[in-house]
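Welcome, and let's take a walk through a protein model together. Have the sequence and the 3D view open, and pause at each stop to find the residues for yourself.

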Amino acid sequence: MSELVEGDLIVRREGSAGIIRLNRPKAINAMTLEMSMGIDAALDRFEADPAVAVVVLEGAGERGLCAGGDIRGLYESSKVNGDLGKVFWRQEYIMNARIAAFGKPYIAYMDGLVMGGGVGLSAHGRHRIVTEKTRLAMPEVGLGFFPDVGGTWFWNRYPGARCDIQTVDYSYTFDPELETAWQWSEKYATQPEILRYLGFVADRYDLRRDIRFGTRVLGASWDESKERWLLTTDNGPAVSCRHYIMATGCLSQPKPPEFDGVHDFKGAIYFTSRWPHDGVDLKGKRVAVIGTGSSAIQSIPIIAEQAAQLTVFQRTPNFALPAHNGPLPADRAAQLAQDRNGLREQARWSLTGVPIPPATEFSWQMSESERRARFEKLWAAGDLVGMLTQLWADQGVDADGNALLADLIREKIREIVKDPETAEALTPHDHPFGAKRPCLDTNYYATFNRPNVTLVNLRKEPITSITANGIKTDKRSFDIDVIVFATGFDAMTGAIRAVHPIKGRGGQSLDETWANGPETYLGLTVAGFPNLFLITGPGSPSVLSNMAVSIEQHVDFVVDRLAEMREAGFTTIEPTDTAQAGWMRHMADCATVTLHRLANTWYTGANVPGKPQTLMPYTGGVGPYRGICNEIVKRGMLGFKLAGPNGAAQCNDGEIVQLQPDVRLVLNMLAEMNLPPIESMGAQGARDFITEFNKTRPPGRPVGEVKDGTLPGADGPLAYRLYRPATPGPHPIVVYFHGGGWVLGDEQSDDPFCRDMCRRSNMIFISVNYRHAPEHRFPAAAEDGYAATRWVAEHAAELGGREGPVLVAGWSAGGNIAAVTCQLARDRGGPVIGGQLLVCPVTDCSFDRPSYTENAAGYFLTRGLMFWFWDIYCSPADRTDPRVSPLRGQLKGLPPAYIVTCEFDPLRDEGVAYAEALATAGVPVGQLKARGHFHSSFTMVDIVITGVGGRVQMAEALQAFTQPAEDSGSPEINAAAS
């Protein structure tokens, strides 16, 4: 241990870490400033005379400001314990030359540190933190290994580098004056203009003074005793900070070449991710570009104009759309001029972070000519977000709807590229459109018509090595002067894990924690790593959004939380294991809604050998994500644990999202409608409401034939609707009964569900209406169900059905009727029923099971509504009759069953009870326990997309019912629908 003396101020270095402590503060011979001066006045004094250090002393009943010595530094928020206290250094001021001459290491102390120098740090993030400084009392610094602000836009200077979101949207919105102070010159700005914009913002808010440029963080460790992060760097002192904010960027860690012999190559090698700042002269050169992702698609046309010969080595083709760049479109300019704030707010709550409403019509509602007209309009407009969201509603969630769009783009590629073999090689077939990041281009496909451009398909002739003079495939060799690697990035996690190690509580390593893929809460925090924040980290919308909008939202969230922590007296914050595990389940649920899971892409880490593959960005949308973050705060920081001095603690454990993502959106929409309870409308009013409500749903998909008719019921004719598959018959027949609590609905009310099940099962579905209460009370519906099933079985051949047993199915009260029909058919000598599909069925009159309490309200079907249904349909004296409570009947000898229940349904437990009772009675039974779903999930076809997997399993169960006994087994029990 050594001591350095400057005047009467003693600075002590302890150990190799170089911790600085203030020794004997009462002995300082220096002018004591008045206590009333305050921090601001002290800072003014310091700026006027930087040779004077300002020390803030707190504790022992006094707070004083002392000026002293010839030490350059700003000491803030120092806790004095007796005569010894820590000194907190403000990084931008350094010790003077006389102290520095001793060559002793020291640690820069601060409350918060932001790592990164790109869009996330250089403007809004730093501006928000700086403007909150007085309230937070938060000394902070930014570290970036860049020489200046800009982040990925500082490095990505390759020819043709541009933004692929209109730059009026790719802009900061935190300051209205900033928006009018800068005018973009083009719809899609070039890299130099974007870099100038970031520099302009940094200058406007004087951000550079708080950033230590040219500094790489080498490691970060959490010190539990001090509740601080210790960061080691390659330039300047280590840093001790309470809050470590990583704004490292999603696309900032280049992926190294994967080819043998790179170091043997005697020519020049360049990377699009680290392009030389003074440019590259490629005139007359034989150039190879390896890769055809975004940077290659933008740079290849320009390189082709310069090079004598360009050879493009492509492993996987990608979809590219023409940018048609130019001035900002007149309609967007007019919208901004009229209501800029409104557009910005729309962007914050949109799915993509861009104020463009998604399409609402489905592909099957349009003719081929209508679809083509929409496509041609967007192709001419050059709008990536528009092409991703505005053609038809099913393009991003349904493989068939997506294929219609992808085929139109493939037609364009074949039209533009003259050589058929080259065109085919450039045409993607291995992933849906949008599942990989599509690219905006300027003459990309046309470039391959140039005589000096050659495409090498690495799927047919992979690179075997790079030699001293060029590139060798398994079929031929290419003499090359310059190699350009456009091979992309280790996305999302690469820049985070480049800080190695990052050690949290108990020394646990982030690398080990993420060994099977990144796990976060909200993409912002990681369990076991207190006070660590990831700006647009894995698990947030990030790269699937307008990054400017997502960055602003994250910075707002972090800074607001830090302010609240300080005010509440907490010093640490981290997510709970429960919350993080729940968020990862929600991430997986969201992934089932989109088609991203069907592609190998950098979204999943598939481009990096050995990297665990998991869909890293949040696919639920920018607006829904923002709503979830707001709800977490509103619910008392749900999923976070906070701690402070003297045992102060708060832990509100739980999962923020337990519903499936689309179910959550549906229920939120219904809640916003503020509808009166259905039971308050009366029977006819409720029927009218349901009729109008059903008009707003997507239409059912086409099937081979839809035919209406009547059949004899127990006491008069019943209407039915027949759905026939498009495949040749005869087909098995399913008699289906609609839901509606024995009061509502008709043979058409579950039309989309019947169409979908007809398509998936390849069976005829006959949806039968039945008599409703209160006009026709118990047992009218049950008797009609039995009569209809008997008639259909007797007339199966006339209906185009296959001879043999019929199947029955039903949803809700219709499931009740289907279950009762099976018991009546057994007891009355037929017809023979081959199987029963019961979806969220009513099976018992008891309201005592837990699901009636847990799901009493908030999930559309409420306990009160079920009381009303029962009261209208069946008197209390009759409710134990098996014809309305099949759980109370004799269950032996019934046909095989497949029973679907939903987690957030009052009827959940009685459905499970019926399945278990059937199994006990020796009936083959399978269950689908649909996690995160509610009563209407599976009938809301093309609204609740996560219900698709469940309907697939239902169709498979129906098909199994028609197989010979020795070939079929009871469907397995499943824990989730998707």
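Leu838 stands opposite Ile899 in strand 36. That pair belongs to a parallel pairing of strand 35 (residues 833-839) with strand 36, built from four bridges. Keep in mind as you look around that this is a predicted model. Strand 36 spans residues 897-904, and seven of its eight residues are buried, so "mostly covered" is a fair description. Strand 36 also runs parallel to strand 37 (residues 925-934), and seven bridges join these two. For a landmark here, find Phe904, which stands opposite Phe934 in strand 37. As a rule, side chains in a regular strand alternate between the two faces of the sheet.

**A buried valine**

Next, move to Val808, which is in strand 34 (residues 806-811). Is Val808 buried or exposed? Val808 is buried: its relative accessible area is 0%, and the cut-off for buried is under 20%. Which residues does Val808 touch, leaving out those up to four places away in sequence? Its contacts include Val734, Val735, Thr789, Ala818, Thr821 and Cys822, and also Ile833, Gly835, Gln836 and Leu837. Val808 also shows how a chain can bring residues together: Val808 and Phe737 are 71 residues apart in sequence, yet their C-alpha atoms are 8.1 Å apart in space.

**Two helices that cross**

Now look for helix 24 (residues 780-794) and helix 25 (residues 813-827). They pack at an angle of about 65°, and their axes are 9 Å apart. The crossing of helix 24 and helix 25 is right-handed. On the helix 24 side, the meeting residues are Ala781, Ala782, Gly785, Tyr786 and Thr789; on the helix 25 side, they are Ile817, Val820, Thr821, Leu824 and Ala825. Sorted by class, this contact has seven nonpolar residues, three polar ones and no charged ones.

**Two open sheets**

How many strands are in the open sheet with the order 15-24-16-17-20? There are five, and their pairing is parallel. Strand 15 (268-271) and strand 20 (453-457) are the edge strands, each pairing on one side only. From one strand to the next, the twist averages 20°. Within this sheet, strand 16 (residues 286-290) and strand 17 (residues 309-314) run parallel and are joined by five bridges. One spot to find is Ile290, whose bridge partner in strand 17 is Phe313.

The other open sheet has three strands in the order 27-28-29, and here the pairing is antiparallel. Strand 27 (572-575) and strand 29 stand at the edges with a single partner strand each, so one side of each has no neighbour in the sheet. The twist in this sheet averages 10° from one strand to the next. Strand 28 and strand 29 run antiparallel, joined by three bridges, and Ala643 has Ala649 as its bridge partner in strand 29.

**Special spots in the backbone**

Some loops hold backbone details that deserve a closer look. The table lists them by residue.

| Residue | Backbone feature | Place |
|---|---|---|
| Pro501 | cis peptide bond from His500, omega near 0° | loop between helix 16 (494-497) and strand 25 (502-503) |
| Pro774 | cis peptide bond from Ala773, omega about 5° | loop between strand 33 (764-768) and helix 24 |
| Asn646 | positive phi of about 60° | loop between strand 28 (640-643) and strand 29 (649-651) |
| Ser812 | positive phi near 60° | loop between strand 34 and helix 25 |

Asn646 has its positive phi although it is not a glycine, and Ser812 is likewise a residue other than glycine. What about their surroundings? Asn646 counts as exposed, because its relative accessibility is 84% and the cut-off for exposed is over 50%. Ser812, in contrast, is buried, with a relative accessible area of 6%.

**A cysteine without a bond**

How many disulfides does a search of the whole structure find? The search finds zero. Cys845 lets you see the reasoning for one residue. Its closest cysteine sulfur is the one in Cys874, and the distance between the two sulfurs is 8.0 Å, so they are too far for a bond. A disulfide would need the sulfur atoms within 2.5 Å. Cys845 itself is buried, with a relative accessible area of 13%.

Conventions
Residues numbered from 1 in each chain as written. Predicted model: local features only at pLDDT ≥ 70, side-chain atom pairs only at ≥ 80, totals over all residues. Heavy atoms only, no water. Pairing = 2+ DSSP bridges. Axes fitted to C-alpha atoms, helices over the stretch in contact; angles between N-to-C directions. Left-handed = near helix turned anticlockwise from the far one by under 90°. Contact = heavy atoms within 4.5 Å. Nonpolar A, V, L, I, M, F, W, Y, C, P; charged D, E, K, R; others polar. Buried < 20%, exposed > 50% of the residue type's maximum accessible area, 1.4 Å probe, protein only.
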